[in-house]
Every structure is written in C-alpha cells, then in structure tokens.
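Here is a friendly walk through how some helices meet, and where a few individual residues sit. Keep the structure open beside you as you read.

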Amino acid sequence: MMTEEQRELQALAHDFAEAELRPKTAEWDERRELDDDVFDKLAESGFLGMLVPEEHGGLGFDLSTYLLVLEEIAWGDAAVALSVAIHNGPVAVLLARHGSDEQRATWLPGMASGEALGAFALSEPDAGSDASSITSTATRDGDGWVLSGEKRWVTNGARAGVVALFARTGDDAIGLFLVDPSTDGYQVGQRETTLGMRASQTVSVQLNDVRVGGDALVGEAGAGLGYALEALDLGRIGVAAQAIGVGRAALEHATRYALERQQFGTPIARFGALQAKLADSAQRLAGGRSLAHEAAEAWEATRNGSPRTGLDGVTARAAMAKLAASEAASFTADEAIQIYGGYGYMRHYPVEKLLRDAKGAEIYEGTNEIMRRVIAGEILRDAGDR
C-alpha cells in the first residue's frame, strides 16, 4: 500500500516524464543521443539523488519509493531510466554503504546535484555473468594503485564524473575503486550500437596504467566481489521497475489504439481475442511490479539488520523480479505490435521502439537464463538446508 507521500512523488515523476521525456524519446532513439540538459533537469527534480543520504544532499528514499519513480521515468524513456538507475543504484548505494567518510563527502554531494554522473564498470570481454572471472588488475604502487585492463558495456561511461570500477587485487581477490574519468590512462573506447535504448551511452573503457591514490579503494582490497554481487541484486530490482515502465507504456498505447481503430464497423477493442491480449499483459505487468516491490522489502530488511534467506532473500527475489518484469515487458510490447497490426511494424509508431527497449531488460544485469539459474540455486539450497 502506497503512502500519500509516495503517491505525490509518483505523480511528480509521471508529470516530469510526460513533459520532459515523452516528447523527445523518438528523436533521441533516432539520433542515438540524449540531450545534455536532460541530466540537468533530472538533477533539478532530485532524481539523481534518490538513493543518496540526506546528509549528503540527496533525498534518501527507501527502495520502494525509488522504484515508483524509476518506473515513471522508464515510462517516459527507457534510455534515461537506465542512466538514472546505474547512477542511483550500484554506484551511489555502494558508495553510501561501504565508502569511507571522506569518500562519501567527496563524491555523494556531486552525485546528488548532478555534477558527477555515476558509471558502473564490472563486465569485461570475457567476464559477463561470472563477475569472479574479471581479469583487469589493480597493482599496488606505493600508497596507490595502477589499474590496467578493459571494461565493456559501461553505461554512462563517456559522460561519467565518477566510475565504480572493479579490478583484481590478487589471485583470489577483487577490489572496488572510485575512478575519476579525467585521470590519465582512462580511455573511452568504442560506443556500442544497440537494438534498443539506442540513446544510452554504452561504451568500452581501456585502462592504460591508470594511477589512483589509496583513497580510491572502497573498503578492503579483497571485498569487491561481495560488493559486486550486492550491486547486481540492487541493479536487478531496478531493471524490474524499468521493464514495468516500458511495458506499461506499450499497454497504454495499445489500449488507446484499440479504442480508436475500427474494423467491421466497431472498435477493435470489442474483439475478444484483442481483449485477451490486454488482460494477459496487464496481469503479467502487475505480477512483475509486485515481485519488484517484494524484492525491495527484502533489500530493506537486510539493510535494517534482519536479512531474509533462500527464496525470501534479496538475491532470489531480485532475480525473480527481473525475470518476471522483463518478460512481461517484452510480451506486452510484442502484443501491442500485434494490436496495431501493420502500423505497429512501422518506425513512426511508438510500439516497435518499446519492444526493442524491453528486450534489453532480459539481458543486462544478467540474462534471464542466468536469473533462472540463480533462482534454482536458491531453491536447491533451501532444500539442502532442511
């Protein structure tokens, strides 16, 4: 049950998405670029500081409130929502939870104000779902470190003011480092041309002996893998909210079209087969949203010192939420195209873009095949503990 404050914030986010994102989403998709000022507008509205603690200039939202806002932003434009989610989720939260007082004071106020957009650099050419297999290295150099290697699929990588970057600090150890992209040796490489969310900056990054101080390391030198897995759980919950926003947009477009389009002398919304498409889409989206907020509850329980385990734990709930929500979004967008018929296949109608955007949610932050593996692992672990 939403509070009155949450309803007001959701409405504010919806109005922002309708006024600032919806009118530009087709243009951004076409030219593969977001307007720079959209980040200024996000910052002015507080949406870049949603998970930054209030003492550092943020809004300090709980996770459920954050998901409500993120869903509305994704309803407006999926590429913007992805940038907001990476900035707020894995980067800001890891820094707020595990950074030193000095690190938090250095970076979090700028992240909340929009001066420093956050990027997350974990994946590599040969290390995707298996975070433990990264090969980028962090070698001690006096009081500091030298970072070398290559990162792939770095969202916000070319626009970032701070990068949460993972590198191997030893044979069996991974560390998390906060890197200023202006540091010598940090080189933005190829930008990917993606199927959907085409306006998102997804780039590779070359680390050519990037020298950072000892104050760049977050926590202990071997704690990075745990931080990465924590970030992936949080990221997957965010993906679920993004997917629901995209799917909801597709359902709304399809519903309006079905009421307007007439065949055989009647609106096609009166046809039973079409009504079934609308009903199935609504049911799947509602289920995905519920799972996302259940995962948020599990996250908050862990943060408050009452962690849940097994299928009730954050890892399983996050995987279930991402799996259900992303597949609901793709299903709904696909059905929306069927409802539009031939028009749905045309680029100048909105639903084909939404199908392309929805597909991304089935892949990033771990493919849905990996999500099924994660969930099954928790089922088997539960069974083994009995």
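## Where α4 meets α8

Helices α4 and α8 pack at an angle of about 145 degrees, and their axes lie 8 Å apart. Axes here are lines fitted to C-alpha atoms, for helices over the stretch in contact, with angles running from 0 to 180 degrees between N-to-C directions. The crossing of α4 past α8 is right-handed; a crossing gets that name if the near helix is turned clockwise from the far one by less than a right angle, and is left-handed if anticlockwise. From α4, the contact takes in L63, S64, L67, L68 and E71, while α8 brings R289, A292, H293, A296, W299 and E300. Contact means heavy atoms within 4.5 Å. Sorted by class, these residues are 6 nonpolar, 2 polar and 3 charged. Ala, Val, Leu, Ile, Met, Phe, Trp, Tyr, Cys and Pro count as nonpolar, Asp, Glu, Lys and Arg as charged, and the others, Gly among them, as polar.

A word on the model itself: it is predicted, so local features need pLDDT of at least 70 and side-chain atom pairs count only at pLDDT 80 or more, whereas totals for chains, interfaces and linings use all residues. Residues are numbered from 1 along each chain as its sequence is written, and side-chain values use heavy atoms, leaving out hydrogens and water. Helices (H or I, at least four residues) and strands (E, at least two) are DSSP runs, numbered from the N terminus.

## α7 and its two partners

Helix α8 (residues 272-303) also packs with helix α7 (residues 224-260), at an angle of about 155 degrees and with the axes 9 Å apart. That makes the two helices roughly antiparallel (angles over 145 degrees count as such, under 35 as roughly parallel, 65 to 115 as roughly perpendicular and the rest as oblique). The crossing of α7 and α8 is left-handed. Many residues take part, including L234, I237, G247 and L251 of α7 and L278, S281, G288 and W299 of α8. By class, this contact has 15 nonpolar, 4 polar and 3 charged residues.

With α5, helix α7 packs at an angle of about 150 degrees, and the axes are 10 Å apart. These two helices are therefore roughly antiparallel as well, and their crossing is right-handed. Among the residues that meet are A81, L82, G89 and P90 in α5 and Y227, L234 and V246 in α7. The contact of α5 with α7 divides into 11 nonpolar, 3 polar and 2 charged residues.

## Buried residues in α8 and α9

Which residues does S281 touch, not counting those up to four places away in sequence? They are L251, F331, T332 and E335. S281 lies in helix α8 and is buried, with a relative accessible area of 2%. Buried means under 20% relative accessible area, exposed over 50% and partly exposed in between, using a 1.4 Å probe and protein chains only.

A298 is also placed in α8, and its relative accessible area is 0%. The C-alpha atoms of A298 and G313 are 6.0 Å apart in space, with the two positions 15 residues apart in sequence numbering. Beyond four places in sequence, A298 touches R308, D312, G313, V314 and R317.

I339 belongs to helix α9 (residues 314-340) and counts as buried at 8% relative accessibility. Setting aside neighbours within four places, its contacts are A254, Y257, A258, I268, L274, K277 and L278. Between the C-alpha atoms of I339 and R317 the separation is 32 Å, for positions 22 residues apart along the chain.

## One face of α3

In helix α3 (residues 37-44), the buried residues are V38, F39, L42 and A43. Seen down the helix axis, they fall within an arc of 140 degrees, so they line one face of α3; the arc is that of the directions from the axis to the C-beta atoms. These residues pack against α1, α2, α4, α5 and α6. Just after α3, G46 takes a positive phi of about 90 degrees.

## Two positive phi values in loops

Most residues other than glycine have a negative phi. M197, in the loop between β6 and β7, has a positive phi near 45 degrees and is buried at 9% relative accessibility. E365, in the loop between α10 and α11, has a positive phi near 60 degrees and is buried at 15%.
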